[in-house]
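Here's a quick look at backbone oddities and nonpolar packing in one model. Have the structure open while you read.

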Amino acid sequence: MREFNIHQNKTVALKYLAPDAIDAYLAQCGDRVMCVVGFGSSRCAALKSRFPVLWVDTPVSGSDAVYEVWTSDKPVTQYSDELMTGAGNEDLFFGCLSARFVSAVDLSETALRIYSGIFDFHQRGTYPNLLRVWNYFPEINAVEGGIERYRSFSVGRHEAFVRYNRKVEDSPSACALGSHGGPLAIYFLASRFPGVQIENPRQTSAYHYPKQYGPRSPTFSRATLAFQGDSPTLFISGTASILGHDTVHPESVILQTRETLANIRAVIDQAGKQGFKFAGFGSGMALKAYVRHTEHLNVVRDIIRAEWSVLQELVVLQADICRTDLLLEIEAVCWGSVS
């Protein structure tokens, strides 16, 4: 059996794996596996472990598919109800949900229902703090009934935060990307302990965007700093070529990529002011890049590698971005050193 380095002294660890490596990794991780998400144009065969997989229809650069696997430093217990599957220990919980919808208006109601279900779960359990959320749905830029799907999604998500008396300033880090098909797919990380929300001084906070971006501003923070003092981890939201609230370099994927990396550096620097000591761009960072056009996949990958050649975890997906003038978006997880 192929051996993996899974003992990383991290509260949560992340690894991207090809289909031929996933079963061996899950077998080695055993009861530490919290969440498995598959990305690719075609769903792969069922895992030997029968571990539930949330599938997202997005092509993968250089591969037919890739698996995103989150593991814990403590054993976890599997969970399922009529709304979600998941796994958790006494401190953390990963949940996965999906729901079909038929239009932009229906997407708003579906987002409201799904997020309400997540908040209901928080209220009746031991994980009241939402740290990170991932959202995927098809045709994110499609306009139906006079409203773009992404903006309709933002309305439903925002309404759930209002109904459950959640302050937008305490919103989790998040991303929302356009898949090539399938349902609204969401997975999230929640904790018994709150995180610290981090904003980017180069950007307007998303929840303060002006009305030109939709009837309700996006409900997320630029990053969430979690597990301070134990295994500090910075969850950086989907980040793009935005200064203030404006898209910059709309015609250049090269300049957008460089601006995006500058924004990621700015967020890491801001977290440093909250005591975060970044472990470095090698074993201390994992990146997932979403690129709108297939012909730009290698361009984005090459710029990232030129900037941070020591990255061990990098995956590049082809997906639509929440604004039509954005050519890419990059999310990151950064681990800190305790010393």
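Phe 227 is buried, with a relative accessible area of 14% (buried means under 20%, exposed over 50%, partly exposed in between, with a 1.4 Å probe and protein chains only). This is a predicted model, where local features need pLDDT of at least 70 and side-chain atom pairs count only at pLDDT 80 or more, while totals for chains, interfaces and linings use all residues. Residues are numbered from 1 along each chain as its sequence is written, and side-chain values use heavy atoms, with hydrogens and water left out.

Back to Phe 227: its phi is positive, and it isn't a glycine. Glu 139 also has a positive phi without being glycine, and at 48% relative accessibility it counts as partly exposed. Helices (H or I, at least four residues) and strands (E, at least two) are DSSP runs, numbered from the N terminus.

| Residue | Phi | Loop between |
|---|---|---|
| Glu 139 | near 50 degrees | strand E8 (129-138) and strand E9 (143-144) |
| Phe 227 | near 60 degrees | strand E14 (223-226) and strand E15 (233-239) |

Now for the packing. The largest nonpolar core (buried Ala, Val, Leu, Ile, Met, Phe, Trp, Tyr and Cys residues joined through side-chain atoms within 4.5 Å) has 73 residues, and those with the most contacts inside it include Trp 70, Tyr 136 and Phe 188. Helix H2 (residues 104-124) gives this core its largest share, eight residues. A second, separate core has 30 residues, among them Ala 223, Ile 236, Ile 264 and Val 291.
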